[in-house]
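Please open the structure in your viewer and keep the selection tool at hand. We will go from one stop to the next, selecting a few residues each time and reading what is there.

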Amino acid sequence: MSEPASAVRALMRRAPQLVTVVTAGGPEGPRGITVSSFIPVSLDPPLVLVSIMNSARAHSAIAAGAFRVHLLASDQTDVSGHFAMPGLDSEAQFGGQFAEAVEALGTEEPPRIPGCIGWLECATAGSYAEGDHTLFIGRVTEGRVERPDAAPLLYYDRGYRDVGGAVNGGSG
């Protein structure tokens with residue numbers, strides 16, 4: 001790994017990241033992927049950005065038109081781990097505890113992951129490929145907060161964390 005790449009990796013280990021799962025539907029079945037690079041871009045119009053590795057199985061499904069971003073709660077480390085496993089086909093990803101989500105919406109729509117803090121459904125509005133990732137801009141078409149009191153799942157220094165208390169008299 002090059003020195004600049006090592007520096008980026010080392011610095012980003014020190015920056016807590018929200019853990020999300022991005023899902024998409026498509027003719028080859030639903031896909032999901034754990035993503036820590038999720039950024040709100042604009043409120044007017046409502047836009048978000050996700051960064052997806054070009055080789056990820058979910059890449060083409062997200063590029064095809066729609067995706068859903070799920071903000072995971074701190075009690076969902078198992079969900080994050082499941083969708084981070086490489087090589088799972090659609091059936092393996094969305095069987096078991098996630099089967100009902102696909103059955104309720106069909107395979108062409110982005111599945112909903114149950115138990116999340118909330119989700120945003122997005123129409124893929126644009127993409128920009130650079131390096132080994134593509135940045136997807138999503139125009140938010142619908143969204144819901146389902147667990148407003150749940151703490152978000154964070155990834156920090158190679159491990160899962162949750163949110164601590166306020167610092168320097170800040171309020172939550």
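Because this is a predicted model, please read each stop below as a description of a prediction. Begin by selecting residues 133–145, which form strand β8, and within this strand pick out Thr 134. Is Thr 134 buried or exposed? Its relative accessibility is 5%, and since buried means under 20%, Thr 134 counts as buried.

Now keep Thr 134 selected and add His 59, so that you can look at the two side chains together: they make a polar contact with each other, at 2.9 Å. If you leave aside the neighbours within four places in sequence, Thr 134 is also in contact with residues that include Val 50, Ser 51, Ile 52 and Asn 54, as well as Ser 127, Tyr 128 and Ala 129.

For the next stop, select strands β1, β9 and β10, which make an open sheet of three strands in the order β1-β9-β10, with antiparallel pairing. β1 (17–18) and β10 (159–161) stand at the edges, and because each has a single partner strand, one side of each is left without a neighbour in the sheet. Look then at β1 beside β9 (residues 154–156), where the antiparallel pairing runs over two bridges; select Gln 17, and you will find its bridge partner in β9, Tyr 155.

Finally, move to helix α1 (residues 3–13), and select Met 12 there. Met 12 has a relative accessibility of 41% and counts as partly exposed. When you add Val 8 and Leu 11 to the selection, you have the residues that, with Met 12, make a nonpolar surface patch of about 300 Å².

How values were computed: Residues are numbered from 1 along each chain as its sequence is written. This is a predicted model: local features need pLDDT of at least 70, side-chain atom pairs count only at pLDDT 80 or more; totals for chains, interfaces and linings use all residues. Side-chain values use heavy atoms; hydrogens and water are left out. Two strands pair if DSSP finds at least two bridges between them. Helices (H or I, at least four residues) and strands (E, at least two) are DSSP runs, numbered from the N terminus. Buried means under 20% relative accessible area, exposed over 50%, partly exposed in between (1.4 Å probe, protein chains only). A polar contact is a pair of N or O atoms within 3.5 Å; within protein, one must be able to donate a hydrogen and the other to accept it, and residues adjacent in sequence count only if both atoms are side-chain atoms. Contact means heavy atoms within 4.5 Å. Patches are made of residues with over 30% relative accessible area and no salt bridge: like charges are joined within 9 Å, nonpolar side chains (Val, Leu, Ile, Met, Phe, Trp, Tyr) within 5 Å. Accessible areas come from the Shrake-Rupley method with a 1.4 Å probe; for residues, only the protein chains shown count as cover. A salt bridge is a side-chain nitrogen of Lys or Arg within 4 Å of a carboxyl oxygen of Asp or Glu.
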